[in-house]
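Biologist: Before we discuss this protein, could you put the sequence and the model on the screen, so that we can go through them together by question and answer?

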Amino acid sequence: MEKTTIGRVDDNTFPIPEASVSSHHCEILLRGSEVVLRDLSSTNGTFINGQQLVGEAVLKPGQIIRLGQVEMRLEDVGAKPAASKKLPDQTMVIPQGVKLGQDTSTKIVAFDNAKSGFAKKNDMGTKIFIGVAVVVFLVLIAVIIFLVRKAG
């Protein structure tokens, strides 16, 4: 009987460095032609297709195994993939956006006119604010000087 141990620590046959996986989470046994999954009293449990495993169970190809937050799928290496699940032979690039020089209908926009919304704003309000601030500052200085002379 062949046995493969799965867990978080390095002494497992198949270590998974993930905090949600127990140190010695489960083991996979090969009994004749059957693949058996056995939980080793893991903290977060072992699940097959969303159902928590109690003890052990025979695995079938295509079933999803979850250990903590990690999901795996049992695949039959000898079986041919279904036609509907055929993956492309090479990576496909899906173009996105506009490449430099691609769009020939570019339009030059001036940001200094009133129609663009970016025209220079009238700064008369700023000038008034600064003038009032200077007058208030001078009045405060005059009041402080007056109070110092009166006290002395």
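**Loops, strands and a pocket**

Biologist: Asn-49 is found in the loop between E5 and E6; what is the value of phi for Asn-49?

Modeller: This is a predicted model, and the angle is computed from its coordinates. Most residues other than glycine have a negative phi. Asn-49 is partly exposed, with a relative accessible area of 46%, and although Asn-49 is not a glycine, its phi is positive, at about 50°.

Biologist: Which residue other than glycine has a positive phi near 55°?

Modeller: The residue sits in the loop between E4 and E5, and its relative accessible area of 71% makes it exposed, since the cut-off for that class is over 50%. The residue with this positive phi near 55° is Ser-41.

Biologist: How many strands does the secondary structure of the protein come to?

Modeller: From the N terminus on, the elements run β-β-β-β-β-β-β-β-β-α, with the helix written at the end of that order. The protein has 152 residues, of which 19% count as buried. Its secondary structure comes to one helix and a number of strands that is nine.

Biologist: In what order do the strands of the four-stranded open sheet stand?

Modeller: Strand E5 (residues 46-48) is joined to E8 by three antiparallel bridges, and E8 pairs with strand E9 (residues 70-73) over four bridges, again in the antiparallel sense. Strand E6 (51-52) and E9 each have a single partner strand and therefore stand at the edges, with one side of each left without a neighbour in the sheet. The pairing in this open sheet is antiparallel, and the order is E6-E5-E8-E9.

Biologist: Which residues of strand E8 point to one face and are buried?

Modeller: In a regular strand the side chains alternate between the two faces of the sheet. Strand E8 (residues 64-67) follows such an alternation, with Ile-64 and Arg-66 pointing to the face where the side chains are not buried. Ile-65 stands opposite Ile-48 and has Met-72 as its bridge partner in E9. The side chains that point to the other face and are buried are those of Ile-65 and Leu-67.

Biologist: At what distance from the ring centre does Arg-66 lie over the face of Phe-47?

Modeller: Arg-66 is the bridge partner of Phe-47 in E8, and Arg-66 also stands opposite Glu-71 in E9. A search of the whole structure finds zero aromatic pairs. Arg-66 itself lies over the face of the Phe-47 ring, and its distance from the ring centre is 4.0 Å.

Biologist: Which residue takes a positive phi near 65° in the hairpin of E8 and E9?

Modeller: The two strands of this hairpin pair in the antiparallel sense over four bridges. Two residues lie between the strands, and the residue with a positive phi near 65° is Gly-68.

Biologist: How far apart in space are Leu-59 and Glu-34, C-alpha to C-alpha?

Modeller: Leu-59 lies in strand E7, and Leu-59 is buried because its relative accessible area of 5% falls under the 20% cut-off. E7 pairs in the antiparallel sense with strand E4 (residues 34-39) over four bridges, and Val-36 stands opposite Val-58 in E7. Leu-59 and Glu-34 are 25 residues apart in sequence, while their C-alpha atoms are separated in space by 7.5 Å.

Biologist: In what order do the strands of the five-stranded open sheet stand?

Modeller: The pairing in this open sheet is mixed, and the order is E2-E1-E3-E4-E7. Strand E2 (14-15) and strand E7 (56-59) each have a single partner strand, so one side of each is left without a neighbour, and the strands at the edges are E2 and E7.

Biologist: Which element gives the largest share of the lining of the second largest pocket?

Modeller: About 160 Å³ of space lies in this pocket, and its lining includes Glu-2, Phe-14, Ile-28, Val-35 and Met-72. The elements that give two or more residues to the lining are strand E1 (2-7) and strand E3 (26-31). The lining residues divide into seven nonpolar, one polar and two charged. The largest share, four residues, comes from E1.

Key: Residues are numbered from 1 along each chain as its sequence is written. This is a predicted model: local features need pLDDT of at least 70, side-chain atom pairs count only at pLDDT 80 or more; totals for chains, interfaces and linings use all residues. Side-chain values use heavy atoms; hydrogens and water are left out. Two strands pair if DSSP finds at least two bridges between them. On a 1 Å grid over the protein atoms alone, a cavity is a set of points where a 1.4 Å probe fits but cannot get out, and a pocket is an open set with protein on both sides within 12 Å along at least five of seven lines; lining residues have an atom within 4 Å of a point. Grid points are joined across faces, edges and corners, and a volume is the space filled by probe spheres set on the points. Ala, Val, Leu, Ile, Met, Phe, Trp, Tyr, Cys and Pro count as nonpolar, Asp, Glu, Lys and Arg as charged, and the others, Gly among them, as polar. Rings of Phe, Tyr and Trp (its six-membered ring) pair if their centres lie within 6.5 Å; planes under 30 degrees apart count as stacked, over 60 as edge-to-face and the rest as tilted. A charge sits over a ring if NZ of Lys or CZ of Arg is within 6 Å of the ring centre and within 35 degrees of the ring normal. Buried means under 20% relative accessible area, exposed over 50%, partly exposed in between (1.4 Å probe, protein chains only).
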